[in-house]
Amino acid sequence: MDLAIALALQIIYGIANLVLISLGLAIIFGMMRVINLAHGEFIMLGGYVVVISTNHGVNLWFAMLILAPVVVGLIGVIVERLLIRHLYGRMVDTLLATWGLSLVLIGLITTIFGAQTATTISAPLGAVPIGEYSTSGYELFLIAVAIVLSVVVYLALKFTRIGLVARGTMQAADMASALGVSTSKVYAITFGVGAAVSGFAGALLAPLTGVLPTIGATYIAKAFITVISGGTAILAGTTSASVLLGGINGIVSFGIGPTMGEVALLVAAVILLRLMPRGITGRIFRKSL
Amino acid sequence: MTGEIVLETRNLSQHFGGVVAVDRVNFTLWDAELRCLIGPNGAGKSTFFKCLTGQLSPTEGDVVIRDFHAGGREPHEVARLGVGIKTQVPNVFDGLSVEENVWLAARRWQGAKRAKVLTDETLERLVLGDIRNDLVGVLAHGQRQWVELGMVVAAEPWLVLLDEPTAGMTQEEVLRTADLIKEINQTATMIVVEHDMQFIRMIANQVTVFHEGRILIEDTMDAVARDQRVRDVYLGHRQQ
Amino acid sequence: MIRSRETRWSLFAAAVGVVFLFAAPQVFELFTIINLTTVLALAILALSLALVWGYGGILCFGQTMFFGLGAYAYTIAAINIGETTAPIFIAIFVAAAFAAILGYFIFYGRVSDVYLAVITLTVTLIFYSLLRSTSGPEYKIGNALLGGFNGVTSPPLNIPGDPSNVLYPEDMFYVAMAALILAYLFCVWLTQTHFGRVMVAIRENELRAELLGYDIRLYKLALFAIGGGIAGMAGVLFANGIGRVTPDIFNLYNTALTIIWVIVGGRGTLIGPVLGAIALFYLTSGLGTQASINNNLVLGIILIVFVLLVPRGILPGVIGIWDRAQSRSKLLRSEKRMRRRRAPRRPEQEAANDG
């Protein structure tokens, strides 16, 4: 029984982890139909904000919950203004430019802070016992954060003006601009929010993984697969794909090993896309958020 | 009507979300016919056309071309039956020359030698010889339409489906197109979707009128032109 | 007309390659020659992506996966078989077959451009993490220990049928250069065939190609597999050039490199990306010795600048300028002729004509 609970928690954590690392990417993809290849570097930057600011005496929770999303969000807005907006409607070029951005960010961070970063921060909140087993309190916290974050995105999409515009854009991008919505402004905000959420995820994960200039690469494969499997509906897509893929990953990881877990996740996603080329929400839950 | 049925639809329906664009249409086309499909904008004729050509997979019902069940098949499978298709928006290879465009159509069915001959013949027949080396992307709209017609002709189809072949053409080009269509009809059965009534008068004998996703009337051009319902539909007299 | 000019230039490029094949060992130092095998392997990889992406319009962000698979397949097969001729073909087959399987899911599922890019990139990164985690003694294929992030030592090529007669590193240059020339000529030939022209047609307009009766899924799948096979062959040469295969072949940096070669060299040409790969190799290895400048930074800036300012790449840009200059000089010449003809006229008559 205790084993079952511990295992279930592990799988739920895997799902929550996918939601966290994918949601920022999903926001940008859902609104702009653009896969941001610098997504991993936004996560990386979030981690660096936390490590550097706590080294300078900033409170860990403040750094993770406030500082990282704000800083990375601002970087996102700047990037959109300087780079992305020159490439509206050129999907492939946008993809390539964000890849260039990814390399530039890796290069900049490496130049400034070096290829290795020695300082790490340990995960707060200690261990929580479950009968004979124990689980990390911080992982439980991350599960809660993933749920809260999803609820916040849901409420923002449902009840705010920008959310309304976002929903319009998700259904039909041309229509929204025809209605006189300033798509340029919407895109800038979208990119900023997406970057902020990615930075937030990176900040939260930094205590578990440490930080490296190239750490983004370890997240993007999973994040990309989750988002394109989910389709363009930001929340329904990310959560349904996270549950499906995270579940498969968790079960196979437990049964065979973590590497095969990743392979199973990928194989499942490729088969899914053969059956539903526009992702889960391209086929079912079409009217969802 | 006499002869063999070459194309029919059975209860063909196409829904987009809650919108019913084509509503249980039963349509029959006989061998050697030149049939015009007309109807006001939004009547469902273009959607119907896309179902015939495999560009859309019908929600319900079937399309049968000779013995082949074409409903929900891929466009290339329909084309492989020997069906020549021209879409509403000119679909041509903009980065290739006029000659290469036509050659690609001919070469699909023929060996290299015969394809070359067929390409030359087609270019001559459609008076495209002078611009054969020009890139299609730089041509005027009407010329692009002609290049696409050339691609249809070069494949030597027995069934030809044209969606608004005269859109964007000058008056002179329209007249030439009418002649060309009659010429193609010597060897092929045809469906032409149009909303330009002037043009239809030039070519049509048998006309099918679409309205709100269904067939309103099917008769000779003269009978259709006299029909009060058709006038209402086109002029919008009757308020819905 | 355009086509015959292309053929002429392609043959010229191949001829330059042949001259280089024989001249280089006379001109360069041994170290440079040995190093060239690796560079040429990368150039063939660039060629494969130029074919798949530049010609076929298939936005593959994971061409290094077939390259890496070829390198690993060659190495593992060579260790197990004890000679290297069959492993070359095994490597090409494995890479092409994997491309075909992946391509089946992608093309028959009709996933879009952006999805295709992301899927191919993701599969490559999964190979990276998968092979990195194979450091234990239990991860072996036959006699070949996969060795995790340290990778596997690759046996050098031997003369076909004579496993004890192993090629020296400097001999490998001839093999690699010959392979590049042959692969290039093969690609040029392919683009001139009916198949190649249909691929261009599909790149230009998928729907029209379908309406002509071409099964575009099959064509794309075939091109993707051919490109995969060529990349696999490049992987064999790379394994020989480096003497070892490691999971780093599959990492994000190398994948980005292949994309940058094609962007810089120019989409739609075959030789452009090949030259791009060679130029960027020497640029980055030159920079690599200067610790203060980071390669990622330089490559990232190059990529952004090209996407924003030179989206067609260098070679098509140069061809465009050349064509404009040609037509201008033609225009000038005809103007001169006109002027000569007009010369006897009286000035006021000319003014009247101008008005």
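**Strands, loops and contacts**

Reader: Are the residues of strand β6 (residues 83-86) of chain B buried or exposed on its two faces?
Author: Val83(B) and Ile85(B) sit on one side of β6(B), with Gly84(B) and Lys86(B) on the other. Side chains in a regular strand alternate between the two faces of the sheet. Going by C-beta atoms placed from the backbone, a residue is buried with 20 or more others within 10 Å of its own, exposed with 12 or fewer, and partly exposed in between. On both faces of β6(B), the four residues come out buried.

Reader: What kind of model is this, and which pLDDT limits apply?
Author: Residues are numbered from 1 along each chain as its sequence is written, while chains are lettered from A and ligands numbered from 1 in the order in which they are written. It's a predicted model: totals for chains, interfaces and linings use all residues, but side-chain atom pairs count only at pLDDT 80 or more, and local features need pLDDT of at least 70.

Reader: Which residue of β7(B) stands opposite Val83(B)?
Author: β6(B) and strand β7 (residues 159-163) of chain B run parallel and are joined by four bridges. Pairing takes at least two DSSP bridges between strands, and the elements themselves are DSSP runs numbered from the N terminus: helices are H or I of at least four residues, strands E of at least two. Opposite Val83(B) in β7(B) is Leu159(B).

Reader: How many Å apart are the C-alpha centres of the domains of chain B?
Author: Chain B gets domain 1 (1-82 + 157-240) and domain 2 (85-154), with bounds from an automatic or database domain assignment. Their C-alpha centres are separated by 24 Å.

Reader: Which element gives the largest share of the side of domain 1 of chain B that touches domain 2 of chain B?
Author: Here 17 residues of domain 1 of chain B are in contact (C-beta atoms, placed from the backbone, within 7 Å) with 10 residues of domain 2 of chain B. On the domain 1 side, β7 and α6 (171-184) of chain B are the elements giving two or more residues. The largest share, four residues, belongs to β7(B).

Reader: Where is Ala32(B), and what is its phi?
Author: Ala32(B) is in the loop between β2 (19-30) and β3 (34-38) of chain B. Ala32(B) has 16 other C-beta atoms within 10 Å, so it counts as partly exposed. Most residues other than glycine have a negative phi. Ala32(B) has a positive phi, near 70°.

Reader: And what is the phi of Arg66(B)?
Author: Arg66(B) lies in the loop between β4 (60-65) and β5 (68-69) of chain B. With 15 other C-beta atoms within 10 Å, Arg66(B) is partly exposed. Phi of Arg66(B) is positive too, near 50°.

Reader: Which elements give two or more residues to the side of domain 1 of chain C that touches domain 2 of chain C?
Author: Chain C is assigned domain 1 (2-312) and domain 2 (314-355), and their C-alpha centres lie 46 Å apart. Nine residues of domain 1 of chain C are in contact with four residues of domain 2 of chain C. Those elements on the domain 1 side are α10 (252-265) and α11 (271-288) of chain C.

Reader: Which element of chain C gives the most to the side that touches chain A?
Author: In total, 34 residues of chain C are in contact with 32 residues of chain A. At least two residues each come from α4 (85-108), α5 (113-132), α10 and α12 (295-309) of chain C. With 12 residues, the biggest contributor is α5(C).

Conventions:
Two residues are in contact if their C-beta atoms, placed from the backbone, lie within 7 Å.
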